[in-house]
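This briefing goes through one protein model, topic by topic. Please keep the sequence and the structure at hand while reading.

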Amino acid sequence: MYVGEGFGKIILFGEHFVVHGKPAIAAGISNRVRVKIKHSKKNEIITDYPVNPKLSISAIKAVEKAMKTKEKFKVYFDGNLPTSGGLGSSAAFCVALARAISHYQAKSLTSEEINSIAFEGEKVFHGNPSGVDNTAATYGGALLFRKGEKHFKRIKLGKPLHLVVANTGKIGKTKKLVSSVKQRKEKFPQLLDSIFDSANKLVFRALIALKVGDLKKVGELMDINHGLLSSIGVSSEKNEELIHLFRHYGALGAKITGAGGGGSCIALAKNSTHANQICKKVKHYGFEGFCTKVD
Ligand code: PMV
């Protein structure tokens with residue numbers, strides 16, 4: 001058996017806008033996907049996760065093609081990252097698979113190579129991905145990303161971020177949501193252009209706030225970012241319910257993370273004790289959640 005891993009991720013600022021060339025700030029989280037592979041006559045996926053087997057096999061093929069191998073594998077997929085929750089599980093799966101195959105081939109690939117191979121698999125899942133998910137899944141840490149740019153920038157945080165990640169219980173369909181944003185953009189070009197410009201400016205403000213460790217400002221900017229995401233149509237009743245609960249329990253800021261339409265939301269807490277308190281409260285209301293620290 002050959003093993004590979006990929007980080008889950010959260011997007012702190014700029015999801016969706018990043019698909020259209022605006023910057024985004026993402027961070028790897030310690031929850032991850034693990035893939036084990038065994039040489040086989042045909043590609044197969046074995047997992048307890050609720051995956052779409054056909055789509056997963058197509059992504060496996062895309063990764064194999066990018067790695068120029070004709071070999072086929074039994075792919076065992078597990079880990080501790082929830083799937084379809086806006087936490088980049090498909091990208092983490094592709095990264096983990098590319099790493100496992102590189103071990104099988106006894107090749108030591110650079111992270112840059114792993115990232116670009118995983119991007120080919122991610123395209124199968126999401127059609128027109130920006131590449132932010134596979135980049136965060138490969139490298140971890142906090143990073144500033146822009147689609148099409150070869151290099152991303154690592155961000156040195158002034159203070160660690162204590163976050164609560166909670167799932168709405170509703171599956172967010174990234175491909176569909178990305179295309180609905182495109183449609184809205186085509187319908188109201190001028191209006192949407194100014195929203196996209198605000199998203200662009202917001203990321204640079206957030207970058208400064210993150211670097212100096214101004215958590216209050218980071219939280220406020222997360223709230224504004226969520227408003228922009230609502231205006232492009234990717235929030236849902238469940239996202240709003242969760243975000244208002246987060247705010248009710250004193251979160252410094254809260255927003256969707258990832259594609260939305262359900263999926264996951266994040267809240268910035270004042271410290272780790274506060275994060276645990278918020279997490280307990282939202283669990284009481286029936287949401288699955290966990291605390292994570294980005295530093
Ligand atoms: O698929 P998710 O929910 O992990 O998030 C994808 C992030 C988007 O900005 C919505 C799409 C992309 O390719 O960047």
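In this predicted model, strand β7 sends Leu-161, Leu-163, Val-165 and Asn-167 to one side and His-162, Val-164 and Ala-166 to the other, and all of these residues are buried. The points below start from β7, pass to its partner strands β9 and β10, and then take up the ligand and several single residues.

**Strand β7**

- β7 is largely enclosed by the rest of the structure, because 7 of its 7 residues are buried.
- The burial holds on both sides of the strand: Leu-163 is one of the residues pointing one way, and Val-164 is one of those pointing the other way.
- β7, which covers residues 161-167, is joined to β9 by 6 bridges, and the two strands run antiparallel.
- Within this pairing, Leu-163 has Leu-268 of β9 as its bridge partner.
- Ala-166 of β7 stands opposite Cys-265 in β9.
- β7 also pairs with strand β10 (residues 288-294), again in the antiparallel sense, over 7 bridges.
- Asn-167 has its bridge partner in β10, namely Glu-288.

**Strand β9 and the hairpin with β8**

- Strand β9, residues 264-269, is mostly covered, with 6 of its 6 residues buried.
- On one face of β9 the buried residues are Ser-264, Ile-266 and Leu-268, and on the other face they are Cys-265, Ala-267 and Ala-269.
- Leu-268, on the first of these faces, is the residue that Leu-163 meets as bridge partner.
- Besides β7, strand β8 (residues 253-257) is also joined to β9: 5 bridges connect β8 and β9, which run antiparallel.
- Ile-256 stands opposite Cys-265 in this pairing, and Cys-265 also has Ala-166 opposite.
- β8 and β9 make a hairpin, and 6 residues lie between the two strands.
- Gly-258, in the turn of that hairpin, has a positive phi of about 90 degrees.

**The ligand and its surroundings**

- There are 16 residues around the ligand, and the nearest of them are Lys-9, Ser-130, Asp-133, Thr-174 and Ala-259.
- The side chain of Lys-9 has an N or O atom 2.7 Å from an oxygen atom of the ligand.
- For Thr-174, an N or O atom of the side chain is likewise 2.7 Å from a ligand oxygen atom.
- At Ala-259 the contact involves the backbone: a polar backbone atom of this residue is 2.9 Å from an oxygen atom of the ligand.
- The ligand taken alone exposes 380 Å², and the protein buries 96% of that area.
- The elements that give two or more residues to the shell around the ligand are β1 (2-13) and α4 (132-139).
- The ligand takes up the space of the largest pocket.

**Ile-11 and Ile-29**

- Ile-11 belongs to strand β1, one of the elements that give two or more residues to the ligand shell.
- Ile-11 has a relative accessible area of 3%, so it is buried.
- Ile-11 and Asn-225 are 214 residues apart along the chain, and their C-alpha atoms are separated by 11 Å.
- Ile-29 is part of strand β2.
- The relative accessible area of Ile-29 is 2%, and this residue is therefore buried.
- From Ile-29 to Gly-213 the separation is 184 residues in sequence and 19 Å in space, C-alpha to C-alpha.

**Positive phi outside glycine**

- Which residue in the loop between β1 and β2 is discussed here? That residue is His-16.
- His-16 is not a glycine, yet its phi is positive, at about 70 degrees.
- His-16 counts as buried because its relative accessibility is 5%, under the 20% limit for that class.
- Ala-106 also has a positive phi, of about 55 degrees, although it is not a glycine.
- Ala-106 sits in the loop between α2 (89-104) and α3 (111-126).
- Is Ala-106 buried or exposed? Its relative accessibility is 72%, so Ala-106 counts as exposed, the class that begins over 50%.

Note on methods. Residues are numbered from 1 along each chain as its sequence is written. This is a predicted model: local features need pLDDT of at least 70, side-chain atom pairs count only at pLDDT 80 or more; totals for chains, interfaces and linings use all residues. Side-chain values use heavy atoms; hydrogens and water are left out. Buried means under 20% relative accessible area, exposed over 50%, partly exposed in between (1.4 Å probe, protein chains only). Helices (H or I, at least four residues) and strands (E, at least two) are DSSP runs, numbered from the N terminus. Two strands pair if DSSP finds at least two bridges between them. A residue is near a molecule or strand if one of its heavy atoms lies within 4 Å of it. A polar contact is a pair of N or O atoms within 3.5 Å; within protein, one must be able to donate a hydrogen and the other to accept it, and residues adjacent in sequence count only if both atoms are side-chain atoms. Accessible areas come from the Shrake-Rupley method with a 1.4 Å probe; for residues, only the protein chains shown count as cover. On a 1 Å grid over the protein atoms alone, a cavity is a set of points where a 1.4 Å probe fits but cannot get out, and a pocket is an open set with protein on both sides within 12 Å along at least five of seven lines; lining residues have an atom within 4 Å of a point. A molecule sits in a cavity or pocket if more than half of its atoms lie within 2 Å of its grid points.
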